[in-house]
Amino acid sequence: MAGRSLRKALATVSLSVALASVTVRSSGCRSIPAYRNSLLSSWFHLNSNIMSGSNGVKDNSHNKARTSPYPGSKVQRSQVPNEKVGWLVEWQDYNPVEYTAVSVLAGPRWADPQISESNFSPKFNEKDGHVERKSQNGLYEIENGRPRNPAGRTGLVGRGLLGRWGPNHAGMVDPGEKISATLKREFGEEALNSLQKSSAEKREIEEQLHKLFSQEHLVIYKGYVDDPRNTDNAWMETEAVNYHDETGEIMDNLALEAGDDAGKVKWVDISDKLKLYASHSQFIELVTEKRDAHWSEDSEADCNGS
């Protein structure tokens, strides 16, 4: 039906995944009826940027990183006005709050020690043993032994809930594993509950996922993530990619079921009203732009002449 958009999205906890079924738009607000399924996967990894320079940040790129209270706590950040975010803006009275969560200070294997510990000498801006401390945003500054958030001030120093000083990624990529294999494994475990399936069911899931993840993917975004866990010294970076099921044949044969550490998995409408964690809704919007798909209710109203 012309002018009507089919849109669905799949969201899972931990691995950010979006599955979209949309009617593709052509020029002049006309719609080309075509059933399309797009899988958007974003994982915390080191990336290049969509940030402006250190004088400031683009709209909506550094807002959640300044919100209070800090996640999982009652800690209030020092307030940072928009015009004082950039490090090149002089602010002698800047007095950020120091906070690192007890769970991080306990020293789990995914977390760095405190900078002050004598046996800890991190190699920032380079590969440090098994820890990748390079940022594809480019070189970041080190001040008083601590890395400095390339997007600007957040009102809080330390690491908060993040394990690594500097750029953080979720560590879902196993040593020696390709990114496409990681995405396929995580999607199967979290969105299809493959770990709990029988051998026959696992083989069927593997066959369908191989068809999807063996194709070329579209890189949607690489860069800094506006995440509420970010601090002046620790931040999230991510890479989001899109796998596209042109006919819908693959995804129609996969039954969604939350598994592993995913809380829920379900279909939801894709639109500009979508509320997701951190910058994830922006990633989905980028997919709709690249796929010429539905996003804004306002634009649809304009096309319908209302």
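Start by selecting Asp 292, just after helix α5, where phi is positive at about 55°. Helices here are DSSP runs of H or I with at least four residues, strands are runs of E with at least two, and both are numbered from the N terminus. You are looking at a predicted model, in which local features need pLDDT of at least 70, side-chain atom pairs count only at pLDDT 80 or more, and totals for chains, interfaces and linings use all residues. Residues are numbered from 1 along each chain as its sequence is written, and side-chain values use heavy atoms, with hydrogens and water left out.

Now step back into α5 itself, residues 280-290, and colour His 280, Ser 281, Phe 283, Ile 284, Val 287 and Thr 288, its buried residues. Buried means under 20% relative accessible area, exposed means over 50%, and partly exposed lies in between (1.4 Å probe, protein chains only). Which side of α5 do they take? They cover an arc of only 155° around the axis, so they sit on the same side of α5. The arc is taken from the directions that run from the helix axis to the C-beta atoms.

Next, go to helix α2, residues 179-191. At 1.5 Å a residue, its 13 residues should span 18 Å, and the end C-alpha atoms are 17 Å apart, which agrees. The expected span is 1.5 Å times one less than the number of residues. Buried residues of α2 include Leu 183, Phe 187 and Ala 191. Just after α2, select Asn 193, which has a positive phi of about 55°. Asn 193 lies in the loop between α2 and α3, and at 9% relative accessibility it counts as buried.

Keep Phe 187 selected and add Leu 209, Phe 213 and Leu 254: these have the most contacts inside the largest nonpolar core, which has 14 residues. A nonpolar core is a set of buried Ala, Val, Leu, Ile, Met, Phe, Trp, Tyr and Cys residues joined through side-chain atoms within 4.5 Å. Helices α2, α3 (199-213) and α4 (249-252) and strand β12 each supply at least two residues of this core, and α3 gives the largest share, four residues. Apart from it lies another core of nine residues, including Leu 162, Ile 220, Ala 240 and Val 287.

Time for the rings: the structure holds eight aromatic pairs. Rings of Phe, Tyr and Trp (its six-membered ring) pair if their centres lie within 6.5 Å; planes under 30 degrees apart count as stacked, over 60 as edge-to-face and the rest as tilted. Show Tyr 70 and Tyr 99, an edge-to-face pair at 5.5 Å centre to centre with 65° between the planes. Tyr 70 is in the loop between β3 (31-44) and β4 (97-100) and Tyr 99 is in β4, so the pair ties together parts 29 residues apart in sequence. Tyr 70 is buried, at a relative accessible area of 0%.

Then pick Trp 87, Trp 91 and Tyr 94, which ring pairs link into a cluster. Add Arg 153, which lies over the face of Tyr 94, at 5.2 Å from the ring centre. That label needs NZ of Lys or CZ of Arg within 6 Å of the ring centre and within 35 degrees of the ring normal.

Finish at Ser 68 and Pro 69, joined by a cis peptide bond with omega of about -5°. Pro 69 is in the loop between β3 and β4.
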